[in-house]
Amino acid sequence: MAGCAFTSRLSPLVRGSFCGKVCCPAGRTAAVRAFSRAVTCTQLQRVQGTGALTGKVDRFGGVTVNLADTGLPADISESSFSGLLRDSLVQWKADGKVAVWLRVPISLSRCAAAASAHGFTFHHAKNDHTVLALWLGEGESRLPGFATHQIGVAGAVVDESSGKVLVVQDRNKTKNAWKFPGGLSDPGENIGATAVREVFEETGVRSEFRSLLSIRQQHNHPGAFGMSDMYIICRLSPLTYEINFCTQECLRCEWLDLGELAKTNDTTPITTRIARLLLHGLEHGFNRVDLTMEELPAVYSGMFYQLYHRQLPTTLKS
């Protein structure tokens, strides 16, 4: 009955086919096609009532469209969206846009298939959406690729009064080597904040950021889904000293003499090198090894960024 009530607003052919008897298979097929066309037209009218797709224009001449914010019907069909996208592309090209970024929530994933028919390709995906891209400018696409690196951060917590540093042995590693506690940086998290957080989570020791010591770059990293990996080691100062390490992540945790860490074979090459660097800082001053952080305003966005560099003499600071 619900189907009859709905189709009564459509053509007599559809109304007769769904509410009455169909005399032959050909009649049934024609009715289904008519019904499909009517539904498509209805959805297009609902979408086109708000005009073409709208999005945010960036300073590079591209437009970003988030389908979750466009008011599309939740049940929009692939063909309906394809028509709407086609008309929108005509408008964007006329406006001189050079690229389109299309953010598709997982609930509207069928729209991604429709976009692919217009030349869109996958750029990246997250747990609840995917982003497709289309280059509209002249020549080959100049669109940037998706982020290709993961950032790992470790904290070398140095007790300058005793010459000891906080180290751990990972439970899930094939070799029980001493290393500095650390882990992956969360999106939007500063390097120093990652180091402080990871040290506390793994060892129970609270600390504060002092400087950046080193950066390791490694490509095709097996632990980063084949992407590139940046591993950053920071120097931290302890605020507490009592160890209460996480037994799920760590096998052992100790305050170890820096001289011993620099000589032992029970560690990794990068840990040995940083231990020697820290010894040099203890003996001759950390200003010789530290890359300190300073926040500066970005020219274009007005936001602040963190710049890491060797300390400048006071007379050279502006």
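The legends below describe close-up views of a predicted model.

**Figure 1. Overview of the protein chain.** The protein chain holds 8 helices and 13 strands. Of its 318 residues, 38% are buried. Among contacts in the protein chain with a separation of 6 or more, 61% are between residues 24 or more positions apart. Across the whole structure, 10 salt bridges are found, and several of them appear in the views that follow.

**Figure 2. The open sheet of 5 strands.** The strand order in this sheet is E1-E2-E3-E5-E4, and the pairing is mixed. Strand E1 (56–57) and strand E4 (121–125) are the edge strands, each pairing on one side only. Helix H4 (residues 78–94) packs on the sheet and touches E2, strand E3 (99–105) and strand E5 (129–135). The direction of H4 makes about 155° with that of E3. At the E1 edge, E1 and strand E2 (residues 62–66) run antiparallel and are joined by 2 bridges. Within this pair, Val57 stands opposite Val63 in E2. Strands of a sheet pair through backbone hydrogen bonds, in either a parallel or an antiparallel manner.

**Figure 3. Ser88 in helix H4.** Ser88 has its place in helix H4. Is Ser88 buried or exposed? Ser88 has a relative accessible area of 0%, so it counts as buried. When neighbours within four places in sequence are left aside, Ser88 is in contact with Ala52 and Leu53.

**Figure 4. Helix H6 and its buried side.** Helix H6 (residues 191–203) has 13 residues, which at 1.5 Å a residue should span 18 Å. The end C-alpha atoms of H6 are 18 Å apart, in agreement with that value. The buried residues of H6 are Ile191, Gly192, Thr194, Ala195, Glu198, Val199, Glu202 and Thr203. These residues cover an arc of only 160° around the axis, and therefore lie on the same side of H6. Gly204 follows H6 and has a positive phi, near 80°.

**Figure 5. A network of salt bridges that includes residues of H6.** Which residues are linked in this network? Salt bridges link Asp186, Glu189, Arg197, Glu198 and Glu201. Glu198 is also one of the buried residues of H6.

**Figure 6. Arg235 and its two acidic partners, Glu160 and Asp290.** Arg235 lies in strand E10 (residues 228–238) and is buried, with a relative accessible area of 4%. Arg235 forms a salt bridge with Glu160, and the closest N and O atoms are 3.6 Å apart. Glu160 lies in the loop between strand E6 (149–159) and strand E7 (164–170), so its pairing with Arg235 ties together parts that are 75 residues apart in sequence. Glu160 is partly exposed, with a relative accessible area of 43%. Arg235 also forms a salt bridge with Asp290, where the closest N and O atoms are 2.7 Å apart. Asp290 is in the loop between helix H8 (269–284) and strand E12 (292–297), and this pair links parts of the chain 55 residues apart. Asp290 counts as buried, at 3% relative accessibility. Side chains of opposite charge can pair when their charged atoms come close.

**Figure 7. The salt bridge between Asp170 and Lys179.** The side chains of these residues, Asp170 and Lys179, meet at 3.6 Å, N to O. Are the two partners buried or exposed? Asp170 has a relative accessible area of 13% and is buried. Lys179, at 17% relative accessibility, counts as buried too, because the cut-off is under 20%.

**Figure 8. The hairpin of E12 and E13.** Strand E12 and strand E13 (residues 304–309) run antiparallel and are joined by 6 bridges. Met293 stands opposite Tyr308 in E13. The hairpin has 6 residues between its strands, and Gly302 in the turn has a positive phi of about 80°.

**Figure 9. Asn220 in a loop.** Asn220 is found in the loop between strand E9 (207–218) and E10. Although not a glycine, Asn220 has a positive phi of about 50°. Most residues other than glycine have a negative phi. Asn220 has a relative accessibility of 59% and therefore counts as exposed.

Note on methods: Residues numbered from 1 in each chain as written. Predicted model: local features only at pLDDT ≥ 70, side-chain atom pairs only at ≥ 80, totals over all residues. Heavy atoms only, no water. Pairing = 2+ DSSP bridges. Helix = DSSP H or I, 4+ residues; strand = E, 2+ residues; numbered from the N terminus. Contact = heavy atoms within 4.5 Å. Axes fitted to C-alpha atoms, helices over the stretch in contact; angles between N-to-C directions. Expected span 1.5 Å × (residues − 1). Buried < 20%, exposed > 50% of the residue type's maximum accessible area, 1.4 Å probe, protein only. Arc of directions from axis to C-beta. Salt bridge = Lys/Arg side-chain N within 4 Å of Asp/Glu carboxyl O.
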